[in-house]
Amino acid sequence: MAAPEPPSQVRWDLYHKSEAILDFFKKTALKLPTRVRYENLPDPETDTSLPVVTVTDFASGEAGKEVVLLVAGEHARELITSEIVFWLGKLLSGKDDELADWAAVQTATALAWKRGWAKGTLKEWAEELLEKVVFKIIPIENIQGRKAVEGGDLCLRKTTAGVDLNRNWEYAWNKGEEGSDEYGGPKPFSEPETRIVKLIAETTRPQAFVNLHSGEYAVYVPWDSKKGLAPDLPADIGNVLEQLDAYCQCMHGAAGDVAGYLAFGSSMDYMYEKLHVKYPLTVEVYGPDGLGKTAMGGHPRKVLQAASNGTQQQQAFRVHAGMQAGMQGQPGMSSEAAAAAGAGDADGRLGRCLLDYNPMEKEEYEEVVATWLASLLVLAQHLAQHPAATSATAEAEQDQLPLPPTPPSKQELAATGRLGEEQPSDFSQMAAGSPGKKAKTSLPWLPTSYSLPMNAIQETVMEHTATDFTQKILVGGVLFCAVAAMYCLWARMGKPVPWSSSSSPSRRRSEMRAKGRGFRQ
Ligand SMILES: [Zn+2]
């Protein structure tokens, strides 16, 4: 039996054009300002800007809530990722009329009840979460790329400038070959899109980062750039993966181990290593023919081995696995070439790109969307139940120790015109040797030289003045001296220093940092 013809264009009865997605968020923000905010965040170096949507219950404020940063549409042809955040936007803003009718949403809801995660509808669940969680959503990171795909360039992965945005980050960066699908750009952060996402992460300090991709079903945590599980992931990361797997039922774990390829200069590794995001995740939301699903054999390489006898389905896997390898691991073979090898003529090649990254049947589209809507709520719920900010404060209060002084934020630096200056070494030592998670959240003074214009970021995020900054430094200095004096007193009395015997992950992280690990870039 001949395989069905690949589609020659996107199903616009299911999918939304970029304008429609952004319009939806823009209009919802106007109609529902108590729930949704829409901003165009400018790149400090060029005139590019990127829409970012903030969703929470603004009546209960933003401060002190857990922040989940979601990035969709990083790779142009992976259209489904932006569809997921579009529907998430509907759900979070209470517009679930259409969603409630989907069989897949009902199935996802039933599983949430079964696992004891929710009692009502997804909408009710989301409403409760918004009292404790802020969703920061970048609906389409690679806007020009997506527009090119919408115009028929169905195999485009990178930006229209030819750079892979998930290889452009300044951790384990590798330039790669300019023509390859994984070209990292002329230098780290050469692209406005990556600079803006970095700036958003620096200013919002998310507890979770979710980078949405497609091409297989998977949930990954660092490392991307090497083998093994990143050492400072929280102890409950396994629990988070297990919860997400309830919906995905797919391969999950350390990307470099599970994915079968290494990725250099990725945002996930950067978020973990440089910005100390507690839960840094890459999710692969859809694979053709269930690629990556545990029930389908999991990893493409295993499927490839099993395909030696070649049933039709296995043959399909062989093509997809080859594409994945071509796209991600072997610079010599582009995904386009791999796709062409699997499909023959030019039109077939384009159609295959659509099929390999995007569900094209209504039922599967709804299944994928429902699966990840529920998964993102599960993740948000985990954050709400394990608040990072509160636990750091509680830890310090329990030890009856004042929190250490906080180095000035990027906004404070910008306000005083000191942005870009070298980080004073006493601050880094203070932060590295300080107790609790405060060190983790206040450490990263990144050696970048943004000169922030008076723009939307400052208008909406910046609240501190130069006077505040000076006061903070003074108060901070006094507090630091008090902590240091206490430390000496305890040491002289021969008693263990209160936080020295702590075996908390934050303590281990601080020790590693003090030894120089984590700042080697
Ligand atoms: Zn991707």
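## A walk around helix α15

With 20 C-beta neighbours inside 10 Å, F189 counts as buried. You'll find F189 in the loop between α6 and α7 (192-204). Its backbone is worth a look too: the phi angle of F189 is near 55°, a positive value in a residue other than glycine. Keep in mind as you look around that this is a predicted model.

Now step back to the whole chain. The protein has 22 helices and eight strands. Of its 521 residues, 47% are buried. Take the contacts between residues at least 6 apart in sequence: 77% of them join residues at least 24 apart.

Where do the buried nonpolar residues gather? The largest nonpolar core has 109 residues, and V68, L70, I84, L373 and L377 are the ones that touch the most other members. The largest share of this core, 13 residues, comes from α15. As for L70, set aside its neighbours within four places in sequence and L70 is in contact with V85, F135, K136, I137, I138, V210 and L212.

That makes α15 a good place to stop for a while. Two packed helices are described by the angle between their axes and the distance between the axes. Let's do that for three partners of this helix.

Start with α8. Helix α8 (residues 237-248) and helix α15 (residues 362-385) pack at an angle of about 160°, their axes 9 Å apart. An angle over 145° counts as roughly antiparallel, so that is how α8 and α15 lie to each other. The crossing of α8 past α15 is right-handed. On the α8 side, the contact is made by V240, Q243, L244, Y247 and C248, and on the α15 side by T371, A374, S375, V378, L379 and H382. Sorted by class, this contact of α8 with α15 has seven nonpolar residues, four polar ones and no charged ones.

Next comes α2. The axes of helix α2 (residues 79-92) and α15 come within 9 Å and cross at roughly 60°. That angle makes α2 oblique to α15. Here again the crossing is right-handed, with α2 passing α15. From α2, the residues making the contact are I80, E83, I84, W87, L88 and L91; from α15, they are V368, V369, W372, L373 and L376. In this list you can spot I84 and L373, both of which were named above among the core residues that touch the most other members. And how do the residues of the contact of α2 with α15 divide by class? There are 10 nonpolar, no polar and one charged.

The third partner is α4. Helix α4 (residues 103-114) and α15 have axes that come within 8 Å and cross at roughly 30°. Since an angle under 35° counts as roughly parallel, α4 is roughly parallel to α15. This one is a right-handed crossing as well, with α4 passing α15. A104, V105, A108 and A112 in α4 meet E366, E367, A370, T371, L373 and A374 in α15. By class, the contact of α4 with α15 has seven nonpolar residues, one polar and two charged. Notice that L373 turns up here and in the contact with α2, while T371 and A374 appear here and in the contact with α8.

Away from α15, a few single residues are worth a visit. E150 is in helix α6 (residues 143-150). Is E150 buried or partly exposed? It has 19 other C-beta atoms within 10 Å, and a buried residue needs 20 or more, so E150 is partly exposed. Not counting residues up to four places away in sequence, E150 touches V10, K17 and S18. The C-alpha atoms of E150 and W12 are separated by 9.6 Å, though these two residues are 138 apart along the chain.

R205 gives you another positive phi: its value is near 45°, in a residue other than glycine. R205 is found in the loop between α7 and β5 (208-213). R205 has 17 C-beta neighbours inside 10 Å and therefore counts as partly exposed.

One last backbone detail sits in the loop between β6 (217-221) and α8, the place of W223. The peptide bond from P222 to W223 is cis, with omega near 10°.

Terms used: Residues are numbered from 1 along each chain as its sequence is written. This is a predicted model: local features need pLDDT of at least 70, side-chain atom pairs count only at pLDDT 80 or more; totals for chains, interfaces and linings use all residues. Axes are lines fitted to C-alpha atoms, for helices over the stretch in contact, and angles run from 0 to 180 degrees between N-to-C directions. Helices (H or I, at least four residues) and strands (E, at least two) are DSSP runs, numbered from the N terminus. Angles under 35 degrees count as roughly parallel, over 145 as roughly antiparallel, 65 to 115 as roughly perpendicular and the rest as oblique. A crossing is left-handed if the near helix is turned anticlockwise from the far one by less than a right angle, and right-handed if clockwise. Two residues are in contact if their C-beta atoms, placed from the backbone, lie within 7 Å. Ala, Val, Leu, Ile, Met, Phe, Trp, Tyr, Cys and Pro count as nonpolar, Asp, Glu, Lys and Arg as charged, and the others, Gly among them, as polar. A nonpolar core is a set of buried Ala, Val, Leu, Ile, Met, Phe, Trp, Tyr and Cys residues joined through C-beta atoms within 7 Å. A residue is buried if 20 or more other C-beta atoms lie within 10 Å of its own, exposed if 12 or fewer, and partly exposed in between; C-beta atoms are placed from the backbone.
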